[in-house]
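Student: Hey, can you walk me through this one? I'm new to it, so start with whatever I need to know.

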Amino acid sequence: MSEPIRVVVTGAAGQIAYSLLYMIAKGDVFGPNQPLILHLLDIPPMMGVLEGVVMELADCALPLLRGVVPTAEPAEAFKDVVAAFLVGAMPRKQGMERKDLLAANVKIFKVQGEALDTYANKNVKVLVVGNPANTNALICSRYAPSIPKENFTAMTRLDQNRAQAQIATRLHVPVADVSNIVIWGNHSSTQFPDASHGKVHMEKGKDVTVREAVGDDAWLRSVFVETVQKRGAAVINARKMSSAMSAAKAAGDHMRDWFHGTASGRFVSMGVLSDGSYGAPKDVVFSFPVVIKNKKWEIVKGLQIDDFARKMLDATGKELEEERTEALAIIGA
Ligand code: NAI
């Protein structure tokens, strides 16, 4: 068995972390032979709650978990970590404008970027879950200049998983038989869930395109897109709380694929620093289809973008540029 690795989860006393910590600690993300030490960061008023989480982790009696470091200090939280799940963020409170939310969060991610830069392992892989995830990831990377830009990503895997599940339900096939659905752009209601490159394994040995299998382009461009875009709100309406179990599962999927690679012929969606591929704006964290090998992601090239897709990509790209402008104004950069 290898040496334990250090992994940090921020917002560790919150609801996503409550599901995520168990998944990580039992080996679902870094593998069944990888022991780990979990660093748990939250804010000072949450230290009592965090103590309860630490007790529960101990009571799980998990063989891979070799240590737990609960803390309210970023310096301690980020020390020597090789993977960072940045889940903690300021939630939107009643009466709060989108701008106020952005302002509070941009400041948090600036501090965490600086702490990563100073204390983390230089190969640390960073996944930002806390919203607005794409712009938070951009800010975080700007304040961690000694860590490669490609090590900062934002989570759109929950949107991908939701999209895959919608297609599987429609076609009455197991969800694992649906692949290569793409989430383009921002993790917000402007995201573009795109099934036009998707594949479905219909019968033994036979793959068909999602478009062929569904046979209803109008549905794929309307009901499907809107259902995925508004799924977060639908969960809040029903549960009176935001998605947590599914968000944790998606965060685990994202990091597992980053560490262990994507299966042959399959791609996944990740918010990564845009190089302008597919006409997306440069220098924003934009969700693209990627393949991963040796812990390095690469944007899938050459997918066909039709007029409908073009409009959708442009709209979500524009929103990300606006968020970047607002975020940079807030931190005076
Ligand atoms: P929560 O409110 O249950 O937990 C958030 C935790 O973060 C709290 O314990 C809070 O004290 C902590 N926190 C706040 N500021 C912090 C800081 N500066 N350092 C460390 N911890 C801090 O929220 P939940 O449900 O766990 O969601 C967390 C975030 O994930 C939210 O921003 C939510 O919008 C986002 N989210 C993103 C999704 C995605 O697909 N990208 C999906 C679902 C949620």
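Tutor: Let's start with a term: a polar contact is a pair of N or O atoms within 3.5 Å; within protein, one must be able to donate a hydrogen and the other to accept it, and residues adjacent in sequence count only if both atoms are side-chain atoms. This is a predicted model, where local features need pLDDT of at least 70, side-chain atom pairs count only at pLDDT 80 or more, and totals for chains, interfaces and linings use all residues. Residues are numbered from 1 along each chain as its sequence is written, and side-chain values use heavy atoms, with hydrogens and water left out.

Student: Okay, so how far is a nitrogen atom of the ligand from a polar backbone atom of G11?

Tutor: That distance is 3.4 Å. M155 also has a polar backbone atom 3.4 Å from a ligand nitrogen.

Student: And which distance goes with the polar side-chain atom of H187?

Tutor: In that case an oxygen atom of the ligand is 3.2 Å away. As for cover, the protein hides 83% of the 870 Å² of accessible area that the ligand has on its own (Shrake-Rupley method, 1.4 Å probe; for residues, only the protein chains shown count as cover).

Student: How many residues surround the ligand?

Tutor: There are 23, and the closest are Q15, I16, D42, V129 and N131. To be near the ligand, a residue needs a heavy atom within 4 Å of it. Domain 1 (5-154) and domain 2 (157-323) each give at least three residues to that shell; the domain bounds come from an automatic or database domain assignment.

Student: N131 was on that list. What kind of peptide bond joins N131 and P132?

Tutor: A cis one, with omega at about -5°. Most peptide bonds are trans. P132 sits in the loop between β5 (125-128) and α5 (133-142); helices (H or I, at least four residues) and strands (E, at least two) are DSSP runs, numbered from the N terminus.

Student: New topic: what's the phi of N180?

Tutor: About 60°, a positive value although N180 is not a glycine. Most residues other than glycine have a negative phi. N180 is in the loop between β7 and β8 (182-184).

Student: Is N180 buried or exposed?

Tutor: Buried, because its relative accessible area is 4%; buried means under 20%, exposed over 50%, partly exposed in between (1.4 Å probe, protein chains only).

Student: And how about K295, where is that?

Tutor: K295 is in the loop between β13 (285-293) and β14 (296-299). K295 has a positive phi too, near 65°, and at 38% relative accessible area K295 is partly exposed.
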